[in-house]
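Here are my notes on the model, set out as numbered points. Please read them with the coordinates open.

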Amino acid sequence: MLSDTKISEAILTTYTDRFKQMLSSDAVIVGGGPSGLIAAYYLGKAGVKTTLLDRRLSVGGGMWGGGMMMNQIVVQKSVLPILEEMGIACKAYDAEHYTVSSVACISGLIFRAAQSGATIMNLVTMEDAVVREGRLEGLVINWSTVEMAHLMVDPLMMDARVVLDATGHDAALVTKLVERMGPVLNTPSGGLEGEKPMWADHGEKQVVANTREVYPGLYVSGMAANATFGGQRMGPVFGGMLLSGKKAAEAMLRRLAQ
Ligand code: 48F
């Protein structure tokens, strides 16, 4: 017979066990949009102790709604091998442009990331950075509901050997770091260069080129990379996001191996 109390106990025990494990992660990804999820998938698959945090209830970031709420997205030919690896079907529109259901694509990325061994923590917000001797060493975190309700509740802290800011247009972690430390980034100004206007073809290439370490221990991917290093917007074309997440995971894996 099912026990109401056992159900509560099982949830409490398994969640707090995972939470305790996550407090010391090798890799932490802040933001569960397409670039963060792909990074989590490749890090988890490589056997790295990986945690992905997202402030929202539904992980997935800005992919669900396609373009202007029409739930289709476009990807370019170069990312077909990644989609195939994820088991996500797409359709040729012409020789370069392929269409994918945004719902099928993002739910596929979430499923693959979760299955890779990475721990996904939704409803958890990155509130601040932990910096020691010129290096990002961890994060300050809180329940998203605390943030949303503006409650005066102190956060908790977690360690990470490497961290990825995959928070999209806000580049929330990079922004917080600059707010705390001043112009310490390895960008031309030392601060955020800011996102430039829409130009899909350029933005897609820049988002991959801009995916790299921006401060010791801190990497950027996806729109956070273009906001940090000054790349164009690109709208509902997502190949660059997938390639950026993969490149971020590869760079973080190299650092963890050192
Ligand atoms: O914005 P988002 O989807 O990031 P992305 O991987 O992809 C960008 C595209 O969706 C789109 C685009 C493509 O052409 O332009 O915008 O760069 O997902 C970012 C995720 O980060 C979470 C947020 O809830 C979202 O799911 N996030 C943002 N700030 C925080 C956070 C925070 N402080 N703590 C935890 N999660």
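**Notes on the predicted model**

1. Helix 4, residues 102-115, is 14 residues long, and its first and last C-alpha atoms are 20 Å apart, close to the 20 Å expected at 1.5 Å a residue. Bear in mind for this and every later point that the model is predicted.

2. Which residues of helix 4 are buried? They are Ser102, Cys105, Ile106, Leu109, Ile110, Arg112 and Ala113. Viewed down the axis of helix 4, the buried residues fall within an arc of 165°, so they line one face of the helix. Packed against these buried residues are helix 2, strand 2, strand 3 (72-76), helix 3 (80-86), strand 5 (97-101) and strand 6 (119-122).

3. Just after helix 4, Gly117 takes a positive phi of about 110°. Gly117 sits in the loop between helix 4 and strand 6. It counts as partly exposed because it has 16 C-beta neighbours inside 10 Å, where 20 or more would make a residue buried. Gly117 and Val153 are 36 residues apart along the chain, and 31 Å separates their C-alpha atoms.

4. Helix 2 has 12 residues, which at 1.5 Å a residue should span 16 Å; its end C-alpha atoms are 16 Å apart, in agreement. In helix 2, 11 of the 12 residues are buried, so the helix is largely enclosed by the rest of the structure. The buried residues of helix 2 are Pro34, Ser35, Gly36, Leu37, Ile38, Ala39, Ala40, Tyr41, Tyr42, Leu43 and Gly44. Their cover includes strand 1 (24-30), strand 2, helix 4, strand 9 (156-165), helix 8 and helix 9 (239-257). Just after helix 2 comes Gly47, with a positive phi of about 85°.

5. What surrounds the ligand? There are 28 residues around it, and the closest are Gly33, Gly61, Gly62, Gly168 and Gly222. Two or more shell residues come from each of helix 2 (34-45), strand 2 (50-54), strand 7 (124-132) and helix 8 (222-229). By residue type, the shell divides into 12 nonpolar, 12 polar and 4 charged.

6. Helix 6, residues 172-181, has Ala172, Leu173, Val174, Lys176, Leu177 and Val178 buried. These buried residues pack against strand 1, strand 7, strand 9, strand 11 (212-215), strand 12 (218-220) and helix 8. Gly182 follows helix 6 and has a positive phi, near 85°.

7. Two residues deserve a look at their backbone angles. Most residues other than glycine have a negative phi. Met68, however, is a residue other than glycine with a positive phi, near 50°. Met68 lies in the loop between strand 2 and strand 3. With 7 other C-beta atoms within 10 Å, Met68 is exposed, the cut-off being 12 or fewer.

8. The second is Leu123, also not a glycine, whose phi is positive and near 65°. Leu123 is found in the loop between strand 6 and strand 7. Is Leu123 exposed or partly exposed? With 15 other C-beta atoms within 10 Å, it is partly exposed.

9. Ile82 belongs to helix 3. It counts as partly exposed, with 19 C-beta neighbours inside 10 Å; a buried residue would need 20 or more. Leaving aside neighbours within four places in sequence, Ile82 is in contact with Leu242 and Lys246. Ile82 and Pro216 are 134 residues apart in sequence, and their C-alpha atoms are 29 Å apart in space.

10. Some values for the chain as a whole. Its secondary structure comes to 9 helices and 13 strands. A compact globule of 258 residues would have a radius of gyration near 18 Å, and the chain agrees with 18 Å. Along the principal axes, the C-alpha trace spans about 55 × 55 × 40 Å. Of the 258 residues, 43% count as buried. Among contacts with a separation of 6 or more, 68% are between residues 24 or more positions apart.

Notes
Residues numbered from 1 in each chain as written. Predicted model: local features only at pLDDT ≥ 70, side-chain atom pairs only at ≥ 80, totals over all residues. Near = placed C-beta within 6 Å. Helix = DSSP H or I, 4+ residues; strand = E, 2+ residues; numbered from the N terminus. Nonpolar A, V, L, I, M, F, W, Y, C, P; charged D, E, K, R; others polar. Expected span 1.5 Å × (residues − 1). Arc of directions from axis to C-beta. Contact = placed C-beta atoms within 7 Å. Rg over C-alpha atoms; globule rule 2.2 N^0.38 Å.
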